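Here are my notes on the model, point by point. Please read them with the coordinates open.

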Amino acid sequence: MPKRKHKPISTLHERRRMTDTTFSPARLHWSSRLMFVFAASGSAVGLGNIWKFPYIVGENGGGAFVLMYLGCLIGLGAPLLIGEIMVGRRGGEFPASAFLKVAREKAMSSAWGGLGALGAVIAIMILAFYSVVSGWVGIYTLDFAAAALGGDAARTGADAFSAMLADPIVQLSAVTVIALTAGLVIYFDVTGGIQSVMRIVAPLFAVLLVVMLVMVASTTGKLGEAMTYMFRPDFSALSLDAFGEALGHAFFTLSVGMCGMLIYGAYLDDGANVPRLGFAVAILDTAIAFAAALIIFPIVFAFELESNGGPGLLFIALPQGFSLLPAGDLLGFGFFTATLLAAFSSLIALMIIARHWLDETFRIGGQNATLAATLATWVGGIAVTLSMTVWDSISIFGRSLFDFLDEATSAWLLPISGLGMAIFVSRAIVPTLPDGPVKTYLDICLSYVAPLGILIFTVSKLLDL
Ligand code: TRP
């Protein structure tokens, strides 16, 4: 990457940094550190927690997988999350320029700026299918709302799900509404927009989740069984594949490796305790994934539904379960509303990555970049929808566009970018930290555990091909 091209941006950055100390409005800030935790958790908690985590636990047989996943979070996910936030705080909110700036200070190669572009490309690929699945959640939410108000029965069963998947108009409308709304939130003011949304979303989400947990536990009486399933490890279920899935998901669920946390970190004040904030986000994210699983599995066990059926868990098994529970329409509405809120705040974070990267690369200004990011989300969502409906005969490497994007990001690009970030942070950031347990932890994880884990994972993937 030519150095000169980036120079003007980093000078602009320098200027912003200098005005920092005088609290110039030129640089955005969270209104409080709690707001950072809300925003970063809003990014981390999403479809990954509610849709993906429970079904991969189901596919990989429960407890042993959960344990492996926790290991990946502690050994790779959380240290990378903390490292990424630190890069943002040192380098500023533009992904490529942030890496460049930190690299220059350390006399490291300017090629590290490529991590910014890689993160943004991954984010844009994820947006294409994330917007579509968020759209499905929106459709189910409306259906359950209508059913709870006495309208037609909500969608239940595999047929209803396939019927929705075969209907391009409904899905395209949902994607359009979601992309436009998310674009609007960040159009005028990135941090201001997220904060106004998270002030409502965070408490509402928490209340909905707790109510759902209590209601489902008391109506099904199967919470104990679900806990045993999730927390009693059956080590015979451990496999290299399961490890790969746990590792990929640890990155995905914490939104690391895509520069989203870097951007949010740039808006933190200089006195913030990044490791503590990073752990808070990782713990919240994990707690919410567990809560989602402890809502879903009791329903699955109560009605003997399929827990290992993959992505259909949320859209087929769960609605079937709700239809059999007392006040099921209302419960379904509550559950899908919570899921929609979680998906929406993650979608905003993904779009901000695209926005910032488009802005720094093409110098088009924040608002034009928001428009471009919204357009990219929309076009990506349309392509994924069409690939499942009218163009369903087209495949890429033998996969649908949806599966291709999901696998290419989780199984290949995210680990590569995670590896790059781990090496970068271990060289550029860790040596500058004050001595102590945090430094040792980050050093061990980022210099040894993460590279080794990612290497094992990638080699096993290559052997699989
Ligand atoms: N963490 C989100 C989830 O679990 C998804 C996600 C992946 C994400 N990468 C991201 C969100 C980057 C925001 C930014 O659903």
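In which helix is the place of Thr339? Thr339 sits in helix α15, which covers residues 328-362. Keep in mind that this is a predicted model.

1. **Thr339 and its surroundings.** Thr339 counts as buried because its relative accessibility is 2%, and the limit for buried is under 20%. Setting aside residues up to four places away in sequence, Thr339 touches Leu47, Ile50, Val137 and Leu314. Take Ile50 from that list. Thr339 and Ile50 are 289 residues apart in sequence. In space their C-alpha atoms are 6.7 Å apart.

2. **Gly138.** This glycine belongs to helix α6. Gly138 has a relative accessible area of 16%, so Gly138 is buried. How far apart are the C-alpha atoms of Gly138 and Leu340? The separation is 6.2 Å, for two residues 202 positions apart along the chain.

3. **Overall fold.** The protein chain has 18 helices and zero strands. Along the principal axes, its C-alpha atoms fill a box of roughly 60 × 45 × 45 Å. The radius of gyration is 22 Å. A compact globule of 465 residues would have a value near 23 Å, so the chain agrees with that expectation.

4. **Burial and contacts.** Of the 465 residues, 57% count as buried. What share of the contacts with a separation of 6 or more comes from residues 24 or more positions apart? The share is 82%. The contacts of Thr339 with Leu47 and Ile50 can be read against that figure.

5. **Surface and charge.** The accessible surface of the protein chain is about 18,200 Å². Carbon and sulfur atoms hold 67% of that surface. There are 26 positive and 30 negative charges. The mean positions of the two sets are 16 Å apart.

6. **Aromatic pairs.** How many aromatic pairs are there? The count comes to 28. Take Phe144 and Phe322. Their ring centres are 6.0 Å apart and their planes meet at 80 degrees, so this pair is edge-to-face. The pair links distant parts of the chain: Phe144 is in helix α6 (residues 114-148) and Phe322 in helix α14 (residues 312-324), 178 residues apart. Both Phe144 and Phe322 are buried.

7. **A tilted pair.** Phe279 and Tyr441 also form an aromatic pair. The centres are 5.7 Å apart, with 35 degrees between the planes, and the pair is tilted. Again, distant parts of the chain are linked: Phe279 lies in helix α13 (residues 274-302), Tyr441 in helix α18 (residues 437-464), and their positions lie 162 residues apart in the numbering. Phe279 counts as partly exposed because its relative accessibility is 30%.

8. **The aromatic cluster.** Phe144 and Phe322 belong to one aromatic cluster. Its other members are Phe129, Trp136, Tyr140, Phe161, Phe315, Phe335, Phe336 and Phe402.

9. **Thr253.** Is Thr253 buried or exposed? Thr253 has a relative accessible area of 1%, so Thr253 is buried. Its place is in helix α11, residues 240-253. Leaving aside neighbours within four places in sequence, Thr253 is in contact with Ala44, Asn49, Tyr69, Leu73 and Asp285.

10. **Positive phi at Ser255 and Ala107.** Two backbone angles deserve a look. Ser255 has phi near 55 degrees, a positive value in a residue other than glycine. Ser255 lies in the loop between α11 and α12 (260-266), and counts as buried at 12% relative accessibility. Ala107 also has a positive phi, near 55 degrees, and is not a glycine either. Ala107 is found in the loop between α5 (95-105) and α6. With a relative accessible area of 71%, Ala107 is exposed.

11. **Ser218.** Ser218 is part of helix α9, residues 190-220. Why does Ser218 count as exposed? The reason is its relative accessibility of 55%, as exposed means over 50%. Ser218 and Gly48 are 170 residues apart along the chain. Their C-alpha atoms are separated by 26 Å.

Conventions
Residues are numbered from 1 along each chain as its sequence is written. This is a predicted model: local features need pLDDT of at least 70, side-chain atom pairs count only at pLDDT 80 or more; totals for chains, interfaces and linings use all residues. Side-chain values use heavy atoms; hydrogens and water are left out. Helices (H or I, at least four residues) and strands (E, at least two) are DSSP runs, numbered from the N terminus. Buried means under 20% relative accessible area, exposed over 50%, partly exposed in between (1.4 Å probe, protein chains only). The radius of gyration is taken over C-alpha atoms; the globule rule is 2.2 Å times the number of residues to the power 0.38. Contact means heavy atoms within 4.5 Å. Accessible areas come from the Shrake-Rupley method with a 1.4 Å probe; for residues, only the protein chains shown count as cover. Lys and Arg count as positive and Asp and Glu as negative; His and the chain ends are not counted. The place of a charge is taken as NZ of Lys, CZ of Arg, CG of Asp or CD of Glu. Rings of Phe, Tyr and Trp (its six-membered ring) pair if their centres lie within 6.5 Å; planes under 30 degrees apart count as stacked, over 60 as edge-to-face and the rest as tilted.
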